[in-house]
Each structure stands twice: as C-alpha cells, then as structure tokens.
Amino acid sequence: TISVSTLRQYGKKYGAYIPKLDRSRAKLYLMSEVPGESINWIDFLENVAQEYHLSSIQTETLIHLFPSSQEFISISEVVQKLLSSTSAIRGRLTNIFRKFETKNPDLFESRKGSKLEALQLFLSSQYVNLDISQTLEDDELEVGEKLQEWSFETPTVDRYGEIIDSKTYTAFYFTEILADGISLEMVAISGGTFTMGSPESEKESTDSERPQHDVTVPPFFMGKYPVTQGQWKAIASRTDLKVELDLKPDPSRFKKAYKGIDRWQRPVEWVNWFQAVEFCKRLSKLTGRKYRLPSEAEWEYACRAGTTTPFYFGETITTKLVNYDGNYTYGDGPKGEYRQQTTPVGQFPANAFGLYDMHGNVYEWCADDWHSNYTVVPNNGDPWPPKKQNTTKSSKKVLRGGSWFFNPRRCRSANRLNYFSDEAVSYDIGFRLVSFPPRALK
C-alpha cells in the first residue's frame, strides 16, 4: 500500500497511466489515455499550487508560465503546452521549483540542469494521475508489486504468410503469486477507441461480426497468457477460497509434457463458463483485486492491438505463428502443421500489446451473453447485460480466438462463437483474465 503522492512521485515506475521521459530527445509523451477527456486547466494549476503551498504571486506566475485560452483542454493539449514553454522564463521558476523539489527530491534530482523540464515532467505527472486520485475514497492505492517492463518482437506477414517486417515493442506488467512456483502475469493495456467487428470485404467473415462500430475501452490489465493448468490447479485446489462452486484441480485432457516443456504450462481446458467465473472470484478473494472474464469488446481490442487486418500478424497466419489446424488455409496463406493438441503458452510471438496466444491454441470465454449481431451493443467496453436475471442457469456465452482444433478463419480477431455456459465438453476451450487499475477490491 502506497500513498497517491508517492505514486505520483515515482510515477514512471508504475505503468501505463504515467508519462515517460524519452531522455534521448528530452521530450515528454503519454503512454496511454487516462479516464476523463479534459479538466479545467486553471483549476488544475491552482490545486497543484495549493497542495504545494505556493504563494499567490507564485501561483499567478505558474499560471502565466503555462497559459491557456481555453477553459478546458485535453490531455494531448496539456502535454503540448508543457513541451512548448520557452526557455526564456527559466529564471522565474527558481522559487516554484524549490517548493516542488522539497517534496519530490527523487523526481527532480536528475533534472537540476533544466528547471523548466523538471517542472514540465512534474506537472504532467500530476495531471495524468488526477483522475485516478479522484476515484479514491482515501489517499491510498493497492498496487501490489511494481510494474515490470519487458520488450518483445511482433512480426508482420504478407498475404502469403511470409514475414515482411518485425517490430520491437515494450509493455508493462505485474506479477501475482498464486502458489509456490506458480505466478500470473497481468499486462497493462492502455485505453482507446477502436472499430469492432469486420467489414463485408473480410474473407470468411460473417454477419454476426457486423455492423462494425466504434467502442471506447478504458485501461485494464489482461493476462499475458491464457490461464494455464498450473495456475488453475493452484486456485482450484484452494477449497478455503470457494465462493459458489467446487472446482476440479485437474480437468484438462492434455496431461503430458510437450517437447520437454512441463504440461502445467499448457492452457487449462475442459472448463465451462461458470467454472471460469468461480476461478475469477476465488482469485479476487485471494488477492484483493477484482478479476473477471473480459468483455467481448475488451477481448477484441486487446487482440487487435491497434491493427485492422484479419489477424494481428497481418492478412493471414501460418502454423509457425499460431497453433491451429494447418490442413486449412486462410486467403493465400500456406498449409502447415496440425499439432492436434494444445501447446504450452507463449510458444508463438506476442501481439503489439504483449499478449500471447490470442489467436489459436484454446478458445477463450468472454463475460458476455451471446447476441447474434452488433445491431444494439454497448460502446463503452462493458459486457452485454445478461439476458436472464438468474445467472446460475445455462445461457449462451461468447467464445473468442479460435483453437488448435479449428481452421484459421476461426482465429480471426473479429471471429465470434457461442457455447452454453454450463457445458465443458470440449478440450479446446479455456479462458483469460482481466483486472482493473488501480483500486483495491471493495
């Protein structure tokens, strides 16, 4: 547990809400949007000045240093304003700088050569975290472990499945310890707006994926991988965490090692929707953080990772990139291997968000009830409300992502399938978790 002020002070270490300094160019950029499009700029500056006990003259100076002709301005405008201030005013910053520096020595230590740059970074960190702090009932956040950063490569293929490009991306995640030797990695997914569904021109698409529509998704965390057999066993074995249902510790069909890799790294399968929800509830109870299944919108947004092509790798896929039935092809892609089983998670490249196995391996349960198309759909990323008030009874739920058992068209980012929530008669259905920053479970 740390205070909001401490989180602000060391904000760069805590992930996607926080601006990051590109020291090679000494520029500030935002790693993601944050909840709330804009705020009153003058009120924001005055609140910062009050918190740091600036005098009325110093407050007026601060406002004059960063003026705005608009009462409300957006996040991008805030950053641009902080970047465009001239160096001619540096000498007037000394007293203000010292007041901020007193409470934020570590943040300012490396910026002593440029008071203006330090103040820009500080104000931007204050601004970006404003909406977060306003959601809290007190001055504390439950953030668990610090976010860790890692880099990875994501390839792009042409219509024939040949790799034509590969880019290096960086993402942030935190680690949840489930049991001895068993952990869960949750990747920070920045919020944004995307077009959900497929156009009629997309090969082998269906009407259930239409009409296309824009959805705005708030930031969230998503499992780097589908839930593994090892993770499932760690939680399912904990009868002390039971909320509603008993869970079998080892329901999966595939119980052997794969090419020397421990079988517990395979994704769990043969799990119905209710059992997946029970897992989420137990994990929430164990960790104090809210875990659930993703909504359809969250899942597709995370899968696409900024792409609009049928797959996040491009126009087609190959079995070198995805585990599916390689006897079948998509578009002009080639035939390939049919493994006839799940593969341990993380064996194929991640998408640009740092998520693995979003195409193929196992289908993944979503929170939503099934609807046959997108004629009426939430546009805020939330799951569709249940059709039945009694959620303990069977209903059709959404599956996403395709699997090792099916052809590549089923692995498309927009593809949808439905299955009854109380049935688990398939060895190619698993699930993936989402969680939400930054509050503790209430």
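This report walks through a predicted model, from how far to trust it to its sheet, its cores and its cysteines.

## How confident is the prediction?

Let's start with the confidence scores. The chain has an average pLDDT of 79, and 69% of its residues reach at least 70. Confidence is highest in helix α9 (residues 229–236), at a mean of 98, and lowest in strand β3 (residues 27–29), at 28.

Two stretches call for some care. The pLDDT is below 50 over residues 1–37, a stretch that still has 101 contacts in the model beyond near neighbours in sequence. Residues 85–92 also have a pLDDT below 50, with 14 contacts counted in that way. Where pLDDT is low, the predicted coordinates should not be read in detail.

## A sheet of six strands

Now for the sheet. It is open, has six strands, and follows the order β7-β8-β9-β12-β18-β13 with antiparallel pairing. The edges belong to β7 (148–157) and β13 (291–292); each has a single partner strand, so one side of each has no neighbour in the sheet.

You can trace the pairing across the sheet, starting from β7. Strands β7 and β8 are antiparallel and share 10 bridges, and one pair to look for is Val157 with its bridge partner Ile163 in β8. The hairpin of these strands has five residues between them, and Gly161 there takes a positive phi near 85°.

Next, β8 (residues 163–179) joins β9 through six bridges, again antiparallel. Along this pairing, Thr175 sits opposite Glu185 in β9, and Ala179 faces Ile182 in β9. The hairpin of β8 and β9 has two residues between the strands, and here Gly181 has the positive phi, near 80°.

One step further on, β9 (residues 182–189) meets β12 (residues 220–223), with four bridges holding this antiparallel pair together. Val187 has Met222 in β12 as its bridge partner, while Ala188 is partnered by Phe221 in β12.

## A helix across the sheet

Which helix lies across β9, β12, β13 and β18 (434–435)? Look for α11 (residues 296–304), which runs at about 75° to β12.

## What fills the inside?

In soluble globular proteins, nonpolar side chains tend to be buried together. In this model, the largest nonpolar core has 40 residues, and Ile189, Phe220, Met222, Leu355 and Met358 have the most contacts inside it. At least two residues each come from β7, β8, β9, β10 (192–196), β11 (213–217), β12 and α11. Helix α11 gives the largest share, five residues.

Ile189 makes a good place to zoom in. Setting aside neighbours within four places in sequence, Ile189 touches Pro219, Phe220, Met222, Tyr301, Phe353 and Leu355. There is also another core, apart from the largest one, with 32 residues that include Leu147, Phe174, Leu178 and Leu184.

## The enclosed helix α9

Back to the helix with the highest confidence. Why is α9 described as largely enclosed by the rest of the structure? Seven of its eight residues are buried, so the rest of the structure largely surrounds it. The buried ones are Gln229, Gly230, Gln231, Trp232, Ala234, Ile235 and Ala236. Among the elements covering them are β8, β9, α10 (273–287) and β17 (429–431).

## Are the cysteines bonded or free?

A disulfide is a covalent bond between the sulfur atoms of two cysteines. How many disulfides does a search of the whole structure find? The count is zero.

Cys303 shows the reasoning nicely. The closest cysteine sulfur to its own is in Cys411, 9.6 Å away, which is too far for a bond, given that the cut-off for a disulfide is 2.5 Å. Is Cys303 buried or exposed? Cys303 is buried, with a relative accessible area of 0%. Cys366 is buried too, and its relative accessible area is 0%.

How values were computed:
Residues numbered from 1 in each chain as written. Heavy atoms only, no water. Pairing = 2+ DSSP bridges. Contact = heavy atoms within 4.5 Å. Axes fitted to C-alpha atoms, helices over the stretch in contact; angles between N-to-C directions. Buried < 20%, exposed > 50% of the residue type's maximum accessible area, 1.4 Å probe, protein only. Core = buried A, V, L, I, M, F, W, Y, C linked by side-chain atoms within 4.5 Å. pLDDT = per-residue confidence, 0-100.
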